[in-house]
Structures are given as C-alpha cells and as structure tokens.
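This briefing introduces one structure to a reader who has not met it before. Please look over the sequence and the model, and then read the points below.

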Amino acid sequence: MGIAQWQNFFVMVGGGAAALAGLVFIAMSINLPIITQDTTHKNRAIATLTGFTSVFMICAFALIGSCNHQWIGVEWLFFSLVTAITYTRAYIRARKTGKSSVGLSVGRFIAGNACFLAEIIGSVLLMSGYVTGLYLASAALVLSFAFFISGAWLLIIGVYESQVK
C-alpha cells in the first residue's frame, strides 16, 4: 500500500483543520480581552490552535511529493510530540491558576492524551517500516479532532460565562 492512496485523507483532514483553526482564531480575536485575562481561556486557546495547526502541518508535510512512509512517520512524531507537550502544559497551567474550570476534567485530559499517545505509537511504527502505523496514527488524528472542536466550544462557553459574571 502506497502513501499516494492516502492523499484524499490528508487533503480532507488538513483542509478541515485549516478551516477550523481560522474560525477559532477569529472567535479568539473577537474575545481577546476576556481570553487574555483568564489563564484557563488563554491555555485552552493555545492548546486548541496548536492542535489544529499540528493536524494541518502533519497533513501538509504528508502531501509533499516523494515522501515515503518513514519520513512521514518522523514528521508525524515531531508534531504529535509538540502538540502533546503543549496540551499537557496548557492543562496543568489552567488547573493551577485558571479562574474558569469549564471542561477541565481529568477524564477529558486522559482521553485527549490517549489520542496523542496513539499518534506517537503510530508514527514510530511508520518510521520503523510498518505501514499499519498509518492506520493507528490516522484514526487517532481524526479522534483528536473531537477534543480540539470541543476545546473550542468550551472556550466559547467559558468566555460567555466570564461575560455574564
């Protein structure tokens, strides 16, 4: 199975990530004063934008001509590690110093990191020559969308609650 067969997947997922990152960026720009005043909002915004940007970058690099699956695995590993670290740091900071507790459950944190872990494992398998890692990493990438989208929604809800107070 060649990487070329995955082109439509990367185009669809990467395009969706770019579009959603743009919408989140606009929503953040409109509510910038409120977001910057609450550590929870600020860190959720950072994690959400980093997540969507990472998905876009993974897909963009996978579409570069003549990339083999080992090289895509290296790129995927890099971006999934950066995103996992950012997501974890943002969660810890929001728990420690944030004013809003909307959506800061431990279960959500563990499930989100499980997606990143699956991407990391899949990318290592891909780097090692096992194309089946692409299936694992891709499924985890798509599932992580649920966390980025719900993170954007929780950001909007948190901003709204801050405005109502």
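**Tryptophan 76, the core and the helix packing**

Leaving aside its neighbours within four places in sequence, tryptophan 76 is in contact (heavy atoms within 4.5 Å) with Phe10, Ile58, Glu119, Ser123, Leu134, Ala137, Ser138 and Leu141. This is a predicted model, in which local features need pLDDT of at least 70 and side-chain atom pairs count only at pLDDT 80 or more, while totals for chains, interfaces and linings use all residues. Residues are numbered from 1 along each chain as its sequence is written, and side-chain values use heavy atoms, with hydrogens and water left out.

Nonpolar core
- The largest nonpolar core, a set of buried (under 20% relative accessible area, 1.4 Å probe, protein chains only) Ala, Val, Leu, Ile, Met, Phe, Trp, Tyr and Cys residues joined through side-chain atoms within 4.5 Å, has 42 residues.
- Those with the most contacts inside this core are Phe10, Val55, Trp76 and Leu141.
- The largest share of this core, nine residues, comes from H6.

Helix packing
- Helix H5 (residues 106-127) and helix H6 (residues 132-164), which are DSSP runs of H or I with at least four residues, pack with their axes (lines fitted to C-alpha atoms over the stretch in contact) 8 Å apart and at an angle of about 150°, which makes H5 roughly antiparallel (over 145 degrees) to H6.
- The axes of H4 and H5 come within 7 Å and cross at roughly 160°, so H4 is roughly antiparallel to H5.

Notes: Axes fitted to C-alpha atoms, helices over the stretch in contact; angles between N-to-C directions. Helix = DSSP H or I, 4+ residues; strand = E, 2+ residues; numbered from the N terminus. Parallel < 35°, antiparallel > 145°, perpendicular 65-115°, else oblique. Buried < 20%, exposed > 50% of the residue type's maximum accessible area, 1.4 Å probe, protein only.
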